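Visitor: I am new to this structure and should be grateful for a close look at a single part of it. Please take one helix and describe how it sits among its surroundings.

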Amino acid sequence: MSGVPQRTLLLWCPDWPVLAAEIVDGVPATDPVVVLHANRVIACSERARAEGIRRGLRRREAQGRCPHLTVVDHDPGRDVRAFEPVVAAVEEVVAGVEVIRPGACATAARGPSRYLGGEEAAAERIVEHVAQSCAVESQVGIADGVFAAGLAAREGRIVTPGGTREFLAARPVEALGRPALADLLRRLGVRTLGEFAALPAGDVLARFGFDGALAHRLAGGRDDRPLAVRQPPADLTVTADYDEPVDRVDAAAFAARTLAERLHERLAGYGLACTRLGIEAVTAHGQELHRVWRHDGLLTAAAIADRVRWQLDGWLSGSNGRGGTRPARPTAGIVRLRLVPDGVLAQAGLQPGLWGETGEERERAHRALSRVQGILGPEAVVTAVLGGGRSPADQVRLVPWGDERVPARPGPPSLPPAAASPAPAAPPSPAVGAAPGAASAPVAVPDAGMRTGRRTRRGRTVAEPPWPGRIPPPSPAVVLPTPLPADVRDAAGEPVVVSARLAVSAAPARLTVGDGRPAEITGWAGPWPVDERWWAPAEARRRARFQVCLADGAALLLAVEGGQWLVEAIYD
């Protein structure tokens, strides 16, 4: 909470729900009008107050005092929509406006008073500007803190600096806007804000709770929080006016490139990138043209220029290729061109170099790959996304270029990436080529949904265990899309069998892949069991994996499942 209240200027529009009904629904505010919520009056016009109607009256009692009363239902959305032009008008004079509620907004008084020649001059200027721009009557109050400024605005008063406590002291406790608390204070003999503020803060907190302590701060002239001003959105639109109408495609292409570079620089200045681009053009005869272009990725300066050039070419040439019909060509050249970034998001790209070379290769590659996709289809260009899993094939998901890169399984990988095509990799694990029967990894436990990641335990971050049964590093260089059938035999020529208890019948000695020639196994490691999704019989999978090293220097990742040996991956 703020210790020293900030000097605050608050603009208040009396009877705003009634004025909003007049602005939006056309209900005359000069007639006796009331706005009802939960069958009680929450706002009334000046004419209705003259008939004896006050806030809090029931509908039947209000209509009894004024039979020709106009009743309007409360609509918070209507009040907000009608108040937005008022806030925009205030922002044209001062910066940093906070909307307190529909009908009241506040700003720090220091800036406007210094710029406009004093607090009184600033208040007069804002009230006059709102009246001229929105045809709405308003009052301004200035005091230390938002609460005191709101009470001062109801009287159109400027409280002297440091005099806020004395200004509030004589106010009744009903000014706090808490009917239940005000009624309780009245019954306890506390009738003014000054008497309430004189009570010890600890006793107030113990007796009335946190909300009562907050009201106690307000009664003593202390604000509950600083102003939370809103920042007007940045104007990212770029516009170019031409003295000579542009009616040739080559001139339009030059104009498009210049304007696209301006838009890209403006977006980059705010750390933004464009995903949806609006192109607007105005001809010399006043004809307005508009089109929106959408892109799945981020529009670069060259991509923006291309789309603007294509659109201007379509407008100026007036042809659509097939069909025999031609859209109407503009009757005159273009005199105004406007680019509107309709969809923007934060840009997390590379920081440009001193001469702008960093990242240009990536942009050219992106344009080339996008063009290939446009010719061959989205699935023609894919990239690998690493994720969780136990086998190398499970850890990689191929995603079309430009799509969201989300892994197929949760959990970032803790091993080097397994590629879907030949790629350099580290040499085989030291376990490959070890003595027969050597094991380089502990026996895996059944899958319980565990994955690699981080979690918090008693205020400190610890690493979660990896996927159980995962292949130890290094990862293989080539992962086969479809495992190849293989035959593994011992020195006596008998098939090698792995029992349910992971006992290997004999040391593997020869490997035959498909219809190929047998190769001698010089080293092996395993078995590493995996028992996946045992709780779902239709998806359950149980297998054991081995690493083997052959006499010709090749290293393979084998798996045995249901008595069948398979070659899953190859080490480099």
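Guide: In this predicted model, Gly 271 follows helix α12 and has a positive phi, near 70°. The helix itself covers residues 249-269, which makes 21 residues. From its first C-alpha to its last, α12 reaches 30 Å, close to the 30 Å expected at 1.5 Å a residue.

The two sides of the helix may be taken in turn. Buried in α12 are Ala 252, Ala 255, Ala 256, Leu 259, Ala 260, Leu 263 and Leu 267. These buried residues line one face of the helix, because they fall within an arc of 135° when α12 is seen down its axis. On the face turned away from that buried side, α12 carries the exposed residues Asp 250, Phe 254, Glu 265 and Gly 269.

The buried residues of α12 are covered by several elements, including the strands β8 (238-246), β9 (272-283) and β11 (334-346), together with the helix α13 (301-317). In soluble globular proteins, nonpolar side chains tend to be buried together.

Beyond this helix, the largest nonpolar core has 31 residues, and among those touching the most other members are Leu 10, Phe 147, Leu 168 and Phe 196. Elements that give two or more residues to this core include β1 (7-12), α7 (146-153) and α11 (201-219). Helix α7 gives the largest share, 7 residues. Apart from this core lies another, of 26 residues, and Ala 256 is among its members, as are Leu 277, Trp 315 and Leu 316. Ala 256 is also one of the buried residues of α12.

Definitions and conventions. Residues are numbered from 1 along each chain as its sequence is written. This is a predicted model: local features need pLDDT of at least 70, side-chain atom pairs count only at pLDDT 80 or more; totals for chains, interfaces and linings use all residues. Side-chain values use heavy atoms; hydrogens and water are left out. A nonpolar core is a set of buried Ala, Val, Leu, Ile, Met, Phe, Trp, Tyr and Cys residues joined through side-chain atoms within 4.5 Å. Buried means under 20% relative accessible area, exposed over 50%, partly exposed in between (1.4 Å probe, protein chains only). Helices (H or I, at least four residues) and strands (E, at least two) are DSSP runs, numbered from the N terminus. The expected span of a helix is 1.5 Å times one less than its number of residues. The arc is that of the directions from the helix axis to the C-beta atoms. Contact means heavy atoms within 4.5 Å.
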